[in-house]
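Reader: I would like a close look at a single part of this model, the sheet and what surrounds it. Please take me through it step by step, in connected prose.

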Amino acid sequence: MDASLQLISVTATHSTAPAPAAPCSNAATPDDRSPPAGNAPVGVAYPKTIKSFVLRAGRTTTGQAKAFEDLGPRFVVPYTAAVLDATALFGRSAPLVLEIGFGMGEATAHIARVRPEDNFLCCEVHEPGVGALLKRIGEQGQTNIRIVQHDAVEVLDHMLAPASLDGVHIFFPDPWHKKKHNKRRLIQQPLIAKLAARLKPGGYIHCATDWQPYAEQMLQVLGAEPLLANTAEGYAPQPEYRPLTKFENRGLRLGHGVWDLVFRRRPLGTD
Ligand SMILES: C[S@@+](CC[C@H](N)C(=O)[O-])C[C@H]1O[C@@H](n2cnc3c(N)ncnc32)[C@H](O)[C@@H]1O
């Protein structure tokens, strides 16, 4: 394994690989001989957790570093194992949308701009990506985004109360193309069950991918979650708030498909 790569993250879920066009350059091939997560000494049996991402070394630009310094204290929320008070965090009461894995934050900043009435809690582990989103926040004077630089699965487990979310965005999650890595994919039954439980009735989950086998898996997993109902017959039309990113445009030019899925939590009494 490349010494510059370090596996982190947690929980039984999923994520990356080379593909028709990986939306983030986060893709890296994990090595199954990697040292165990947590504090277990190398070579000692350890209950293996499945990593949903690979934390890559990446260059943080001067502009991103400055954004961290200037805006980090206001917009980056430390991970803590305590339920967060979103009203206090954003300084207002508004619908709350969780985004998992925003990459460099291009879509995130756009969506937060076209939906000023909503609050966006956005998780990403890739430091240059966090710096890039902070930079955009500064450039656009945005106030409705907060960032948690931590594994979203842990954020979900410890910081978000049941029925606290109005929406969830998971755009182009790492597809983990190789069969032996499919288990790292984010969109799997346990995570979707947790997300569904944290949605308010009527709240939505919006996923998008450019990898057809993953799209099929998403459709199957989301369709099998009893708390959720599909808003479309199969795949959904692309909601107008989701922009075409640079990455996606490149893929479309190369003839790749993109699939959106939008499911809603069923109203109470229909669980
Ligand atoms: C393929 S990129 C897509 C980025 C972005 N959504 C886009 O459309 O360009 C997936 C991103 O998800 C992040 N990621 C994967 N698993 C994560 C997790 N459990 N918590 C937070 N971020 C995660 C990765 O670091 C990576 O930046």
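**The sheet and its surroundings**

Author: In this predicted model, strands β3 (residues 96-100) and β4 (residues 119-123) run parallel and are joined by five bridges. One of these pairings can be followed at the level of residues, since L96 has N119 in β4 as its bridge partner. In general terms, the strands of a sheet pair through backbone hydrogen bonds, and this pairing can be either parallel or antiparallel.

The pair β3 and β4 belongs to an open sheet of seven strands, whose order is β5-β4-β3-β6-β7-β9-β8 and whose pairing is mixed. At the edges of this sheet stand β5 (145-148) and β8 (228-230), and each has a single partner strand, so one side of each is left without a neighbour in the sheet. When direction is ignored, neighbouring strands of the sheet are turned against each other by 20° on average.

Across part of this sheet lies helix α3 (residues 106-114), which covers β3, β4, β5 and β6 (165-171) and runs at about 170° to β4.

Strand β6 also leads to two residues with an unusual backbone setting to check by eye. In the loop between α5 (152-159) and β6 lies A163, whose phi is near 50°, a positive value in a residue other than glycine. A163 has 14 C-beta neighbours inside 10 Å and therefore counts as partly exposed, given that 20 or more would be needed for a residue to be called buried and 12 or fewer for exposed. In the loop between β6 and α6 (189-198) lies F172, which likewise is not a glycine and has a positive phi of about 50°. F172, however, counts as buried, because 24 C-beta neighbours lie inside 10 Å.

Apart from the sheet, there is a helix pair to inspect. Helix α1 (residues 62-75) and helix α4 (residues 127-140) have axes that come within 8 Å and cross at roughly 75°, and α1 and α4 are therefore roughly perpendicular to each other. On the side of α1, the residues that meet α4 include G63, A67, F68, L71 and F75, while on the side of α4 they include P128, A132, L134, I137 and G138. Taken together, the residues of this contact between α1 and α4 divide into nine nonpolar, five polar and two charged; among those in the contact are D70 in α1 and K135 in α4.

Terms used:
Residues numbered from 1 in each chain as written. Predicted model: local features only at pLDDT ≥ 70, side-chain atom pairs only at ≥ 80, totals over all residues. Axes fitted to C-alpha atoms, helices over the stretch in contact; angles between N-to-C directions. Helix = DSSP H or I, 4+ residues; strand = E, 2+ residues; numbered from the N terminus. Parallel < 35°, antiparallel > 145°, perpendicular 65-115°, else oblique. Contact = placed C-beta atoms within 7 Å. Nonpolar A, V, L, I, M, F, W, Y, C, P; charged D, E, K, R; others polar. Pairing = 2+ DSSP bridges.
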